[in-house]
Amino acid sequence: NIKGLPKYAWVSSVDAGHLSEGTACASFDLHAFGDMTPYIYRTTDYGKTWAALAGKDSPMRGFAHVVKEDLINKDLLFAGTEFGLWISLDGGAQWAQYKGGNFPDVAVHDLVVHPRDNDLVVATHGRGIWIVDDISPLRALTPAALASEAMFIPGRPTVQPIGAWGGWAEGDAMFSGPNPPDDAVITYYQKKRHIFGDLKIEIFDSSGKSMGVVPSSKRRGLSRATWSMRLKAPRVPTAATAAFGAATGPRVLPGTYTVKITKDISVYTATLNVVPDPRSKHTAAGRKAQFDLAMKLHGLLGDMTFTVDRINGVRSALADRASKLPADDALAKRLGVASDQADVIRKKIVATKEGGMITGEERLREYMADLYGSVNGYEGRPSQMQVDRTEALGMELSDVSGEFEAWAAKELPDISAELAKKNLGTITLLAREEWEKADTPK
């Protein structure tokens, strides 16, 4: 008998997991009486007395279906009403509606906090089961945390899931949800919306090397950023065909990484633990061998792109100078011949006919991109054939790069001298430092 409720009000939900401590939360469903007000009460003395957590003055909308207390933080409450999911961080004194993942304003009939995965499982009316992944950040939002300007919220270790692909026919009655993300999730809190200065989130390995920058949000409150746990995809020379095998970067090894958020002049850091999928049969040594070979191929593809860009740069400069000379000029003809010679070397690296394997034209670029894709797509120890093939392709690339260097050393000084006589400037090779700088984000 709770003051303010009809004589025949009934409890629609009790968190029985805390009754042994004398604490329980209950929601009262009175819509049969035409009352849409959410009534939620809490007792700490086995039901002798009850305190109201929601009522006519509550911001919550719709009559209450269920209320649950977190398994770890007794002040973290979840409530389901006729119009959505509501969360309280302070034992029910204040409530906020959950809108993450475009959660709809739909009736929530039951809630379960998963004891192993720390996920909140939400049973809705007409929209099936929703899962709020990893509620441990909500447990960390203590009054002290909420008073800080910014902070990282610790979460569970990040598992690198085993990659899997597949498909099946789906009819119009098929219901399915997305798989857990392959990315690492980074949760952080900001007391106020970030307005002035830069805001950047960057990942570093144990040696302090940057693993990349991830997108960030400037809004206040809790935000989640994701990291693919992959390095940048290799740079691949432009050619007539796409290099699909080199579309993704190497996946980083399991280990401890540092996450750093820079807010103007303030810096906040946190630790990110990456662990392998427990179902994985690959050894740490095998994964390390795979990563090292993928990185070697990643570097060779970069070297290849640098060489091709140098060749293209020279050919472009030769064409530019030739366009400024009469067609019958002897130097113009020499420039054309030099461009053709450089292109012969370029065609030893890249395919220049569209169609790829259909035309039968595959060059170093195509062979190496395919090899990189096969190594990068499997996280176990690479085969000896893959190791030997990497060495062979590396030697071929070195030979072609050396051929171009020798040609440039022989031809360009004399050509530049002739161009200088006509006030057309000289032709210089692209430097590695300049090339790498052009690929560095500002």
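**Strands and helices, turn by turn**

Colleague: In this predicted model, how many bridges join strand β5 to β6?
Modeller: Look at β5, residues 64-69, beside β6. The two run antiparallel, and one pair to look for is Ala64 with its bridge partner Thr81 in β6. The count of bridges joining β5 to β6 is 5.

Colleague: And on to β7: which residue of that strand does Thr81 stand opposite?
Modeller: β7 covers residues 84-88 and runs antiparallel to β6, with 5 bridges joining them. A hairpin links β6 to β7 through 2 residues. Opposite Thr81, in β7, stands Gly84.

Colleague: Is β6 mostly covered or mostly open, and how many of its residues are buried?
Modeller: Let's take the two sides in turn. In a regular strand, side chains alternate between the two faces of the sheet. On one side of β6 you find Leu77, Ala79 and Thr81, on the other Phe78 and Gly80, and all of these are buried. So β6 (residues 77-81) is mostly covered, and its buried residues, under the 20% cut-off, number 5 of 5.

Colleague: Now the open sheet of 5 strands: which ones stand at its edges?
Modeller: Start with the order, which is β13-β19-β18-β15-β16, with mixed pairing. Two of these strands have a single partner each, so one side of each is left without a neighbour in the sheet. Those edge strands are β13 (158-160) and β16 (210-214).

Colleague: By how many degrees are neighbouring strands of this sheet turned against each other on average?
Modeller: Take the open sheet in its order β13-β19-β18-β15-β16. Ignoring direction, the average turn between neighbouring strands is 30°.

Colleague: Which residue in β19 is the bridge partner of Gln160?
Modeller: β13 and β19 (residues 266-276) pair in the parallel sense, over 3 bridges. For Gln160, the bridge partner in β19 is Pro276.

Colleague: Over to the helices: is Arg365 buried or exposed?
Modeller: Arg365 sits in helix α5, residues 364-376. Not counting residues up to four places away in sequence, it touches a whole list of residues, including Val236, Pro237, Met304 and Ile349. Buried means under 20% relative accessible area, and Arg365 has 4%, so Arg365 counts as buried.

Colleague: Which side chain makes a 2.6 Å polar contact with that of Arg365?
Modeller: Look among the buried residues of α5, which include Leu364, Arg365, Glu366 and Met368. The side chain that joins Arg365 at 2.6 Å is that of Glu366.

Colleague: Which helices do the buried residues of α5 pack against?
Modeller: α5 has 13 residues and reaches 18 Å from its first C-alpha to its last, close to the 18 Å expected. Its buried residues include Leu371, Tyr372 and Val375. They pack against α3 (284-322) and α6 (384-421).

Colleague: How far apart in space are Gly394 and Leu364, C-alpha to C-alpha?
Modeller: Gly394 is in helix α6, and at 17% relative accessibility it counts as buried. Leaving aside neighbours within four places in sequence, Gly394 is in contact with Leu300 and Met368. Gly394 and Leu364 are 30 residues apart in sequence, while their distance in space is 9.3 Å.

Colleague: Last one: over which residues is the pLDDT below 50?
Modeller: The mean pLDDT of the protein is 86, and 87% of its residues reach 70 or more. Where pLDDT is low, predicted coordinates should not be read in detail. Here the stretch below 50, which has 42 contacts in the model beyond near neighbours in sequence, is residues 5-20.

Methods:
Residues numbered from 1 in each chain as written. Predicted model: local features only at pLDDT ≥ 70, side-chain atom pairs only at ≥ 80, totals over all residues. Heavy atoms only, no water. Pairing = 2+ DSSP bridges. Helix = DSSP H or I, 4+ residues; strand = E, 2+ residues; numbered from the N terminus. Axes fitted to C-alpha atoms, helices over the stretch in contact; angles between N-to-C directions. pLDDT = per-residue confidence, 0-100. Contact = heavy atoms within 4.5 Å. Buried < 20%, exposed > 50% of the residue type's maximum accessible area, 1.4 Å probe, protein only. Polar contact = N/O pair within 3.5 Å; in protein donor to acceptor, adjacent residues only side chain to side chain. Expected span 1.5 Å × (residues − 1).
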